[in-house]
Amino acid sequence: MTSTLTTDAALPARTFWSKVPEVTALFWIVKIFCTTIGETAADYLNMKLHIGLTGTTLIMSALLIAALVWQFRTRRYVPPVYWLAVMLISVVGTLITDNLTDNFGVGLWVSTGVFSAALIATFLVWYRSEGTLSIHSIFTPKREAFYWLTVLFTFALGTAAGDLIAEQLQLGYLPSALIFGSMITLVALAHRLFGVNGILTFWLAYILTRPLGASIGDYLSQGRDVGGLGLGTTTTSLIFLVGSVAIVAYLTATRRDQIALAEAA
């Protein structure tokens with residue numbers, strides 16, 4: 001899906017600006033980068049800096065709340081604000097699953113099932129309330145709240161599913177990345193070739209990019225003795241952070257992923 005920039009002067013008298021970006025190739029690239037950072041940054045803060053899982057969760061949750069307040073206060077999609085919120089919610093989603101596993105002894109099968117049910121319930125309530133799950137309709141605080149709650153559950157679910165396949169089922173990080181990458185490709189082909197509903201395929205791909213990013217992050221950062229490349233969490237996080245910042249800076253300058261909605265929408 002591509003987008004074209006609409007200047008303010010060319011817009012109808014009554015226009016709502018979407019609070020989320022148009023779905024382009026760069027959207028998916030930054031999304032995967034952010035999910036990779038979410039995996040490696042959580043590990044870096046927890047283990048490398050010895051903050052601990054609980055301390056890391058409290059700090060990152062506070063930062064996420066601040067970022068979401070900033071996001072909700074904006075009148076339209078602002079790339080640095082939006083992607084900062086995505087990056088932080090990626091970290092917090094990872095930490096939620098890690099807390100359930102490490103601090104409360106909840107198995108990955110159970111957490112995967114719980115977050116799947118929570119995500120489905122959120123979709124059902126959102127659709128019943130608003131009549132649509134389209135990202136092209138995110139221009140009211142209520143819809144934006146549903147959107148961010150959905151995003152949080154996708155990250156928590158993706159973390160649980162990714163860890164389940166890569167670690168508990170012992171398939172390894174690289175095979176897991178290939179599996180999730182192949183699943184995303186199939187979803188894209190279903191939409192492009194067979195006309196499967198765009199909203200459904202968008203959210204399926206959105207969910208699957210989380211375990212894909214986590215598997216990539218683990219493969220690059222973890223030691224060779226456990227099937228990784230051994231780059232470490234610091235180097236891996238920096239690589240994807242620099243890439244994310246560069247793309248977000250480009251999107252901010254060009255405004256290529258802005259969505260303007262006429263009042264009739």
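# Notebook: a predicted chain of eight helices

**Entry 1, a residue after the last helix.** I began with Arg255, which counts as partly exposed at 29% relative accessibility. I was working with a predicted model. Looking up where Arg255 sits, I found it in the loop between α8 and β2, the strand of residues 260-262. I then checked its backbone and noted a phi near 55°, which is a positive value in a residue other than glycine. I wrote beside this that most residues other than glycine have a negative phi.

**Entry 2, another positive phi.** I looked up Gln170 next, and here too I found a positive phi, about 60°, although Gln170 is not a glycine. Gln170 is found in the loop between α5 and α6, and α6 covers residues 173-194. Is Gln170 buried or exposed? With 69% relative accessibility, Gln170 counts as exposed.

**Entry 3, the whole chain.** I stepped back to see the overall plan and counted eight helices and two strands. Following the sequence from start to end, I read the pattern β-α-α-α-α-α-α-α-α-β. I looked up the outer dimensions, and the C-alpha atoms fill a box of roughly 60 × 35 × 30 Å along the principal axes. For 265 residues, a compact globule would have a radius of gyration near 18 Å, and the chain agrees with this, as its own value is 18 Å. I also noted that buried residues make up 49% of the 265 residues. Among contacts with a separation of 6 or more, 74% are between residues 24 or more positions apart.

**Entry 4, the nonpolar cores.** Which residues touch the most other members of the largest nonpolar core? I found that this core has 50 residues, and that Tyr82, Trp83, Trp126, Tyr147, Trp148, Trp203 and Tyr206 are the ones with the most such neighbours. I then asked which helices supply this core, and at least two residues come from each of α1 (25-48), α2 (53-73), α3 (79-102), α4 (108-130), α5 (141-168), α7 (198-221) and α8 (232-254). The most is given by α3, with ten residues. I also found a second, separate core of nine residues, including Ile32, Ile165, Ala177 and Ile184.

I followed Trp83 further and listed what it touches, leaving out residues up to four places away in sequence: Pro21, Phe27, Val30, Lys31, Cys34, Tyr77, Val248 and Leu251.

**Entry 5, one helix and its two sides.** I chose α2, which has 21 residues and reaches 30 Å from its first C-alpha to its last, close to the 30 Å expected at 1.5 Å a residue. Its buried residues are Leu53, Thr56, Thr57, Met60, Leu64, Ala67, Leu68 and Gln71. Why do I say that they line one face of the helix? Seen down the axis of α2, the buried residues fall within an arc of 100°, so they line one face. As a reminder to myself, an α-helix has 3.6 residues a turn, so residues three or four places apart point the same way. On the other side of α2, I found Leu58, Ile65 and Arg73 exposed. Looking for what covers the buried residues of α2, I noted that the cover includes α1, α3 and α5.

**Entry 6, two buried residues in helices.** I looked up Thr97, which lies in helix α3. Thr97 has a relative accessible area of 0% and is therefore buried, the cut-off being under 20%. Apart from neighbours within four places in sequence, Thr97 is in contact with Leu108, Phe115, Ala156, Thr159 and Ala160. I also took the separation between the C-alpha atoms of Thr97 and Pro79, which are 18 residues apart along the chain, and got 27 Å.

Ser237, which I looked up afterwards, has its place in helix α8. Ser237 is buried, with a relative accessible area of 13%. With neighbours within four places again set aside, Ser237 is in contact with Ile37, Thr40 and Ala41.

**Entry 7, the record.** I checked the unreviewed UniProt entry, which lists "transmembrane region" for residues 49-69, 81-100, 106-126, 146-166, 172-191, 198-217 and 229-251. I compared two of these spans with the model. Residues 81-100 are 100% helix and 0% strand, and their end C-alpha atoms are 29 Å apart. Residues 172-191 are 95% helix and 0% strand, and the end C-alpha atoms of this span lie 29 Å apart.

How values were computed
Residues numbered from 1 in each chain as written. Predicted model: local features only at pLDDT ≥ 70, side-chain atom pairs only at ≥ 80, totals over all residues. Heavy atoms only, no water. Core = buried A, V, L, I, M, F, W, Y, C linked by side-chain atoms within 4.5 Å. Buried < 20%, exposed > 50% of the residue type's maximum accessible area, 1.4 Å probe, protein only. Helix = DSSP H or I, 4+ residues; strand = E, 2+ residues; numbered from the N terminus. Contact = heavy atoms within 4.5 Å. UniProt positions renumbered as here; feature names shortened; annotations may be inferred. Expected span 1.5 Å × (residues − 1). Arc of directions from axis to C-beta. Rg over C-alpha atoms; globule rule 2.2 N^0.38 Å.
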